[in-house]
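Student: I would like to take a close look at one part of this structure, the open sheet in chain B. Please describe how its strands are arranged, and then relate it to what surrounds it.

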Amino acid sequence: MPYPQNTSQSYEMQPIKSVKSRTVVLPSTDIDTDQIIPARFLRTTTKEGLGKQLFSDWRYDANGTPKTDFVLNLPESQGAAILVAGNNFGCGSSREHAPWALMDFGIRAVISTEIADIFSSNALKNGLLPLVIDKATHAWLMEHPGADVEIDLETTTLKLPDGKSVKFPIEAFARYCLLNGIDELGYLLNQDDAISRHERAYP
Amino acid sequence: MSQKTLFEKVWERHEVVPETADTPAVLYIDLHLIHEVTTPQAFTLLREQNLKVRRPDRILATMDHSTPTTTEEIFGRIPIRMESAAQQIHKLEDNCREFGIELLGMTHKDRGIVHIIGPELGATQPGKTIVCGDSHTATHGAFGALAFGIGTTEVGHVLATQSLLQRRPKTLAINVKGRLPAGVAAKDLILAIIGKIGVGGGTGHVIEYRGEAISALSMDERMTICNMSIEAGARAGMIAPDETTFEYLNGRPKAPQGAAWDKAVAAWRELKSDAGARFDREVDIDASALEPMITYGTHPGMVLPISGSVPTKPDDPAFAKALNYMGMTPGERLLDKPINIVFIGSCTNARLSDIQLAARVIKGHKVAAGVRMLVVPGSQQIKHAAEALGLDKIFLDAGAEWRESGCSMCIGMNGDLAGKGEYVVSTSNRNFEGRQGQGARTLLASPATAAAAAIRGRITDPRQFL
């Protein structure tokens with residue numbers, strides 16, 4: 001295998017084999033990163049503590065009181081680690097604060113029929129699984145909030161409550177890094193010779 | 001087989017290691033633009049892992065997102081009002097000093113919105129790979145660069161290795177036939193394109209904009225087009241460089257000079273899609289059939305010709321939710337709808353020609369009673385150039401505010417905000433809920449349409465003022 005062993009320079013990441021949880025369903029389509037974490041919360045210099053601002057303008061009223069009808073505030077949503085959302089989740093800005101906020105809140109996977117490119121890339125680097133699945137399975141999940149499902153990263157399958165499984169695509173190297181708790185930066189740092197050759201060829 | 005698209009030529013020239021089934025490509029990055037909001041955590045990572053910045057000479061830093069736009073705050077006559085913004089600004093100053101990175105800081109004559117100063121200084125060039133922790137990095141593709149936004153973890157990767165792990169995206173050609181009619185701007189064209197292919201229509205793709213209408217555009221206009229590629233879901237949009245591109249770059253301080261210039265131009269002439277090169281997808285659009293466009297919903301794909309009426313979609317709860325937020329009703333005509341604020345600014349439309357266009361519309365008129373108009377140049381250079389032409393006077397005489405450069409009300413994280421329920425005709429790029437302030441309602445449009453709305457206090461076809 002061309003993969004590196006975990007180098008001393010690699011960031012400590014917990015290996016992820018699977019995520020098993022009830023789902024919470026946010027049916028809106030085109031949920032953009034300004035909804036996930038509004039820009040006024042980006043005036044920070046750390047990654048920590050953004051979960052309390054997740055979906056802030058949907059979760060709280062003008063006085064900062066949680067809106068009782070918003071799905072993440074419902075008692076049955078507490079502790080759910082898998083978010084099922086409408087098509088084209090995470091569109092808009094490149095802010096990595098979006099996956100940081102979801103992770104800090106306790107979300108470990110997002111399931112949709114389409115997930116924006118930059119959000120997906122950022123999510124994978126933080127151990128948040130972005131799952132794109134077929135429309136029929138997605139429609140079933142949208143209609144069954146609170147379903148107990150399991151995402152198996154080793155077999156790249158989503159296991160549904162009735163025992164059925166569906167496959168999901170995931171970039172091979174990102175999957176390898178997640179399964180083994182390896183940070184991608186370690187791999188890039190090991191490419192130093194090739195990068196230097198490129199710099200000499202194209203100064 | 002030897003026929004390649006523009007994207008393929010730039011991509012392949014930057015492959016340090018090509019991709020395999022198991023591993024993404026290692027892609028070399030020529031220019032890394034950084035700003036205060038998406039970098040502090042990346043520098044923290046470098047320090048934690050005791051890593052160096054590999055090529056500080058390939059990085060250009062500025063501050064734009066959280067910076068205020070009042071002259072008093074920018075030039076330190078009063079402290080920056082928002083303590084958290086001041087902290088980010090000081091953090092970037094510290095990081096650039098420690099790692100030896102060129103910073104166009106708060107009072108620098110060349111400071112401005114990151115995607116405006118790259119081209120303005122000639123750092124953005126054809127054939128380069130350019131990244132920044134900002135999704136509107138697509139802007140630089142107007143020069144035939146492969147430019148895309150990245151997250152903060154990737155900012156760290158580029159700082160440490162000048163490279164990124166990337167899967168090769170698909171290609172989408174958008175062929176724009178005909179010419180834009182008089183009074184129809186590049187902004188109207190890109191809004192029409194997004195309306196046609198949808199906000200997820202470019203996901204997984206790099207767009208190449210081509211055709212007669214694109215070739216006829218100025219560099220400022222091409223940047224407006226490429227800038228909003230991300231609003232169609234595409235991380236990057238490109239336009240093949242031509243004489244317009246070379247003329248723009250010639251003599252700019254970071255562009256090649258002398259013999260190096262001639263050599264560079266010769267290489268840049270090769271940067272175009274070969275006849276017969278295959279794209280994964282192609283979409284055709286006729287520019288000559290367009291009219292000024294304006295958005296009415298909560299994403300840029302919810303857009304109409306300005307003479308249009310809000311559609312009716314009875315069985316679409318997401319559509320109903322968006323209209324409810326916007327205070328719009330199905331069937332409602334957009335023309336003459338009252339508005340509260342006009343914002344001329346952002347990396348989409350705050351270049352000199354945008355400001356000139358808005359000034360041309362508003363010259364000799366007044367901003368309507370009860371309407372606030374904010375004009376925020378994209379860079380300090382643009383601000384000074386506009387002032388040399390007397391444009392600031394035109395806006396000030398009309399009753400508008402004239403500010404220092406920055407992202408301002410496009411992102412609403414710097415003190416420039418719209419209020420709940422207020423309608424903002426904005427030359428920026430995103431009309432998402434709350435983007436310009438909690439509860440604010442954004443209507444995206446061209447600088448001419450925005451300025452016309454300021455005069456009448458209502459949504460207005462700008463052609464009557466042109």
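Tutor: In this predicted model, chain B holds an open sheet of 4 strands, whose order is E11-E10-E9-E12 with parallel pairing. Two of these strands, E11 (236-238) and E12 (281-286) of chain B, stand at the edges; each has a single partner strand, so one side of each is left without a neighbour in the sheet. On average, and with direction ignored, neighbouring strands here are turned by 20 degrees against each other. As a general point, strands of a sheet pair through backbone hydrogen bonds, either parallel or antiparallel.

Consider next the pairing of E9 with E12. Strand E9 of chain B, residues 170-177, runs parallel to E12(B), and 6 bridges join the two. Within this pairing, Ile174(B) is found opposite Val283(B), a residue of E12(B). A helix also belongs to this picture: helix H7 of chain B (residues 186-197) packs on the sheet, where it touches E9, E10 (205-210) and E12 of chain B. The direction of H7(B) makes about 130 degrees with that of E12(B).

Away from the sheet, chain B also offers a clear example of a salt bridge. The side chains of Arg47(B) and Glu98(B) meet in one, with 2.9 Å from N to O. This pair links distant parts of the chain, for Arg47(B) lies in helix H2 (residues 40-48) and Glu98(B) in helix H4 (residues 83-99) of chain B, 51 residues apart. Over all chains, the count comes to 40 salt bridges.

Between chain A and chain B, the count is 6 salt bridges. One salt bridge joins Lys125(A) to Glu154(B), with their closest N and O atoms 3.6 Å apart. In addition, 25 residue pairs are in polar contact across this interface. On the side of chain A that touches chain B, the largest share, 6 residues, comes from H8(A). By class, that side has 20 nonpolar, 19 polar and 17 charged residues.

The contact as a whole takes 56 residues from chain A and 63 residues from chain B. The area buried between the two chains is about 4,900 Å², and carbon and sulfur atoms give 57% of it. In chain A, the residues that lose the most area to chain B are Arg43(A), Thr45(A) and Leu188(A), together 15% of what that side buries.

Terms used: Residues are numbered from 1 along each chain as its sequence is written. Chains are lettered from A and ligands numbered from 1 in the order in which they are written. This is a predicted model: local features need pLDDT of at least 70, side-chain atom pairs count only at pLDDT 80 or more; totals for chains, interfaces and linings use all residues. Side-chain values use heavy atoms; hydrogens and water are left out. Contact means heavy atoms within 4.5 Å. Buried area is the accessible area (1.4 Å probe) that two parts lose on being put together, summed over both. A salt bridge is a side-chain nitrogen of Lys or Arg within 4 Å of a carboxyl oxygen of Asp or Glu. A polar contact is a pair of N or O atoms within 3.5 Å; within protein, one must be able to donate a hydrogen and the other to accept it, and residues adjacent in sequence count only if both atoms are side-chain atoms. Ala, Val, Leu, Ile, Met, Phe, Trp, Tyr, Cys and Pro count as nonpolar, Asp, Glu, Lys and Arg as charged, and the others, Gly among them, as polar. Two strands pair if DSSP finds at least two bridges between them. Axes are lines fitted to C-alpha atoms, for helices over the stretch in contact, and angles run from 0 to 180 degrees between N-to-C directions.
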